[in-house]
Amino acid sequence: MQPGTHFAFGDHKEHGFVASFTSSVPRHLAHWFLEREQFEPVPGKPGLYRLSEPERDGPRRTRQAVHDLRRRGYIVQADIRLNPAVSAGPPQPVRPNTLLERRSRLAQAAASRTTQRSTPPTTSPPSARPIPPKPTYAPTVHLTAAAGGRSR
């Protein structure tokens, strides 16, 4: 193992995909990380963990565990086929990120010119009612004060 290594991943003929940790990582912390990556302790082998359900896309899940631990700053040694930096798995179908696509469409719409007219049309459609002209006079309304009420 390289000096400074925190975790090691590999193939085991009896246990499948396995992981172990070195003394540079506290036991409880290594146990916590490996369990979160779906590895379980091997009975009778202290410090050795095996991937649970290895038949369910085991190589990809192990590569993901190596990648996750490296991203957290740990030095991880892995077999060549389990090393995400060296061996990539088959391309996975990419699901479109609908939120990003929607935001992109909204940004494009905001940046483009509007199709709505900013001024009213100069010719009115034949089905529109004409607007009556404003009256030239102002109607006068006379209000009478009620007797006994307060004056204004």
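## A tour of His 12 and the salt bridges

Begin by selecting His 12, which you will find in strand E1, the strand that covers residues 7-12. Keep in mind throughout that what you have open is a predicted model. With a relative accessible area of 30%, His 12 is partly exposed. If you now add Glu 14 to the selection and look at its backbone nitrogen, you will see that this atom lies 3.1 Å from a polar atom belonging to the side chain of His 12.

From His 12, move to Arg 50, which is 38 residues away in sequence, while the two C-alpha atoms are 8.9 Å apart in space. Arg 50 counts as partly exposed, at 25% relative accessibility.

Which residue forms a salt bridge with Arg 50? Select Glu 40, and you will find that the closest N and O atoms of this pair are 3.1 Å apart. Arg 50 belongs to strand E4 (residues 48-51) and Glu 40 to strand E3 (residues 39-41), so this salt bridge ties together parts of the chain that are 10 residues apart in sequence. Glu 40 is itself partly exposed, and its relative accessible area is 31%.

A search of the whole structure finds four salt bridges, and the tour continues with two others. In general, side chains of opposite charge can pair when their charged atoms come close.

Next, select Arg 56 together with Glu 53, which form a salt bridge whose closest N and O atoms are 3.0 Å apart. Are these two residues buried, partly exposed or exposed? Arg 56 is partly exposed, with a relative accessible area of 42%, and Glu 53 is likewise partly exposed, with a value of 43%.

For the last stop, go to helix H2, which runs over residues 58-71, and select Asp 68 and Arg 71 within this helix. Their side chains meet in a salt bridge, with a distance of 3.5 Å from N to O. Because Asp 68 and Arg 71 are three residues apart in helix H2, about one helical turn separates them.

It is worth colouring these two residues by accessibility, as their classes are not alike: Asp 68 counts as buried, at 13% relative accessibility, whereas Arg 71 is exposed, with a relative accessible area of 61%. Why does Asp 68 count as buried? The label applies because its 13% falls under the 20% limit that is used for buried residues.

Methods
Residues numbered from 1 in each chain as written. Predicted model: local features only at pLDDT ≥ 70, side-chain atom pairs only at ≥ 80, totals over all residues. Heavy atoms only, no water. Helix = DSSP H or I, 4+ residues; strand = E, 2+ residues; numbered from the N terminus. Buried < 20%, exposed > 50% of the residue type's maximum accessible area, 1.4 Å probe, protein only. Polar contact = N/O pair within 3.5 Å; in protein donor to acceptor, adjacent residues only side chain to side chain.
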